[in-house]
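Open the model in your viewer and keep the selection panel at hand. The stops below run from the ligand site to a few loop residues.

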Amino acid sequence: MKPKQPKIRYQCSKPVLAGREEEYVREAVASGWISGAGPYIGRFERMVSEYLGLEDGIAVSSGTAALHLALLSLGLGEGDEVIVPSFTFVACANAVRYCGAVPVLADCDRSSWNLTADSLKAAVTPRTRAVLLVHLYGLPADVDPILEFCEAENLLLIEDCAQSFGARYKGRSAGSYGDAAAFSFYGNKVISTGEGGMVFVRDAENRERARRMRSQGMDPARHHWYPTTGFNYRMTNVAAAIGCGQIEMADYHVQERRRIGRRYLENLKGIETRDLVQLPVQPPGRERVFWLFGLVLKTRDPQARDRVIQSLLGEEGIQSRPFYIPLHRLPMYASAQAFPNADFVGSNGIALPTYSGLADADIDLVSKAVERAVREA
Ligand SMILES: *Cc1c(COP(=O)(O)O)cnc(C)c1O
């Protein structure tokens, strides 16, 4: 017999469809516009662009597709090296490979979990053409020194904002600093379309290239004329209808991610002071969101994290998730180089339940369980 699975009372993450999503989906279905054309797509693109203060977003079928088009639109390809953090979601390195380019890994910062200008210096070579900067867990990376580095080395900057919708760096939205930016609307992101994404490209000509590549690369001036190999990366009108319901509530979702983060930070101060965990940082000049609220156990015991995760699940039905396995530990991206910070964060990080509507009392209950589990681990 299999052991009984504990019942989950608090999911780590879930989409919250608290606005007009259902009404818009019904309307889309009733209208018959269910594929990659229809009025909700343009409307969603305009609303997201306006919300973020970015120009002319292109809705696509996933965040990974958005990354791929961002890289392609800038002309990255065969032989080009793109610096990618080792501590990130695998889609980042995959998208570089889709272009025929080479992902070169860099270590992250121990406290922000993001790339820094210093970490880039160790990864740059004469073949480096771009940096894929990921604003992880809703914290914008320290963009200014990275931009300075990119300018000095003549590198393109692509921002992966999949986890940082609503986050701002020095007053401007994450995604407004690079040559291109990619967002994801997967089910666990700050706002969701089920599956979906959006790509922003600064240069108008490159942007048109991304738009064409979303739809098989067709020449807009000549129907069925395909000068390049394109993709089908269109977002459906049904997904965009969900997105329109979500973006109307964007302020609510962003504020919820901040409220939840603030409360966890306040509640968990004690175990941070006792040096048992490292909590998310909030450097000045950065209005972060909490995509998922993460913490890192300060331990050398490789089993401690699993014990915490099991204890949370068993005692209160709290679902938590381990952080990413760093890319240099995956067979596809194995590297002889050492990335000690990515290893530390990746082996000891835990994401706690974070979703709109998670009540203060529930955050307090989860926090108490975390304190107990961490002290006992
Ligand atoms: C979610 C995510 C992606 C990919 O998004 P999908 O919509 O799942 O394809 C890319 N990068 C990061 C950092 C992500 O968190």
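Helices (H or I, at least four residues) and strands (E, at least two) are DSSP runs, numbered from the N terminus. The model is predicted, so local features need pLDDT of at least 70 and side-chain atom pairs count only at pLDDT 80 or more, while totals for chains, interfaces and linings use all residues. Residues are numbered from 1 along each chain as its sequence is written, and side-chain values use heavy atoms, with hydrogens and water left out.

**Stop 1: the ligand shell.** Select the ligand and the residues near it (one heavy atom within 4 Å). The selection should hold 15 residues, the closest being Gly63, Thr64, Asp160, Ser184 and Lys189. Colour the shell by class: 7 residues are nonpolar, 6 polar and 2 charged. Here Ala, Val, Leu, Ile, Met, Phe, Trp, Tyr, Cys and Pro count as nonpolar, Asp, Glu, Lys and Arg as charged, and the others, Gly among them, as polar. Next, highlight helix α3 (residues 63-73), which gives the most to this shell, with 3 residues.

**Stop 2: polar contacts of the ligand.** Show pairs of N or O atoms within 3.5 Å. Which side chain has an N or O atom 2.7 Å from a nitrogen atom of the ligand? That side chain belongs to Asp160. Ser184 places a polar side-chain atom 2.7 Å from an oxygen atom of the ligand. For Lys189, the distance from a side-chain N or O atom to a ligand oxygen is 3.1 Å. Of the 380 Å² of accessible area that the ligand has on its own, the protein covers 93% (Shrake-Rupley method, 1.4 Å probe).

**Stop 3: two loop residues with positive phi.** Select Lys170, in the loop between β6 (168-169) and β7 (172-173). Its phi is near 45°, a positive value in a residue other than glycine. Lys170 is exposed because its relative accessibility is 53%; the classes are buried under 20% relative accessible area, exposed over 50% and partly exposed in between (1.4 Å probe, protein chains only). Then go to Asp275, between α10 (269-273) and β10 (277-278), again in a loop. Phi of Asp275 is positive too, near 65°. With a relative accessible area of 48%, Asp275 counts as partly exposed.

**Stop 4: Lys298 and Asn348.** Select Lys298 in the loop between β12 (293-297) and α11 (304-316). Lys298 is partly exposed, at 39% relative accessibility. Add Asn348, 50 residues away along the chain from Lys298, and display the C-alpha distance: 7.3 Å.

Notes. Polar contact = N/O pair within 3.5 Å; in protein donor to acceptor, adjacent residues only side chain to side chain.
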